[in-house]
Amino acid sequence: MGTSVLSLRIDGELLQRLRHHAAKRGMSVQDYVVQTLIRDDFDERFQTAVEETEKFYGVNGVT
């Protein structure tokens, strides 16, 4: 899998908050943003899987 470039324009206040959050975790802003996007994508895919499982088996296993 290759990589691509994503350029964002954000205001200074948001950038400062991102720098603060990233620094608390010992990360660069770029790494922090990428990890946040990956986590959000995982959460979304996991929730979809849970919903599909509930539809298949019925909520709480009751069909």
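In the predicted model, the accessible surface of the protein amounts to about 6,000 Å², and carbon and sulfur atoms account for 55% of that area. Burial is correspondingly described by a single fraction, with 6% of the 63 residues of the protein counted as buried.

The overall dimensions may be considered next. The radius of gyration of the protein is 18 Å, whereas a value near 11 Å would be expected of a compact globule of 63 residues. Taken along the principal axes, the box filled by the C-alpha atoms of the protein is roughly 50 × 30 × 20 Å. With regard to charge, the protein carries 8 positive and 10 negative charges, and the mean positions of these two sets lie 9 Å apart.

The secondary structure of the protein consists of two helices, with zero strands. Helix 1 spans residues 12-24 and helix 2 spans residues 29-57, and each of these helices contributes at least two residues to the lining of the largest pocket. This pocket has a volume of about 450 Å³, and its lining is made up of 16 residues, among which S4, L6, Q30, V34 and L37 are those that lie nearest its centre. Helix 2 provides the largest share of the lining of the largest pocket, namely six residues.

Two individual positions, I10 and Q16, were examined in terms of their place, their exposure and their distance from a second residue. I10 is located in the segment that precedes helix 1. The relative accessible area of I10 is 35%, and because this value falls between the limits of 20% for buried and 50% for exposed residues, I10 is classed as partly exposed. From I10 to Q35 the separation in sequence is 25 residues, and the corresponding distance in space, from C-alpha to C-alpha, is 18 Å.

Q16, by contrast in its placement, belongs to helix 1. Its relative accessible area is 46%, a value that again lies between the 20% and 50% limits, and Q16 is therefore likewise assigned to the partly exposed class. Between Q16 and M27 there are 14 Å in space, C-alpha to C-alpha, for a separation of 11 residues in sequence.

Notes. Residues are numbered from 1 along each chain as its sequence is written. This is a predicted model: local features need pLDDT of at least 70, side-chain atom pairs count only at pLDDT 80 or more; totals for chains, interfaces and linings use all residues. Side-chain values use heavy atoms; hydrogens and water are left out. Helices (H or I, at least four residues) and strands (E, at least two) are DSSP runs, numbered from the N terminus. The radius of gyration is taken over C-alpha atoms; the globule rule is 2.2 Å times the number of residues to the power 0.38. Buried means under 20% relative accessible area, exposed over 50%, partly exposed in between (1.4 Å probe, protein chains only). Accessible areas come from the Shrake-Rupley method with a 1.4 Å probe; for residues, only the protein chains shown count as cover. Lys and Arg count as positive and Asp and Glu as negative; His and the chain ends are not counted. The place of a charge is taken as NZ of Lys, CZ of Arg, CG of Asp or CD of Glu. On a 1 Å grid over the protein atoms alone, a cavity is a set of points where a 1.4 Å probe fits but cannot get out, and a pocket is an open set with protein on both sides within 12 Å along at least five of seven lines; lining residues have an atom within 4 Å of a point. Grid points are joined across faces, edges and corners, and a volume is the space filled by probe spheres set on the points.
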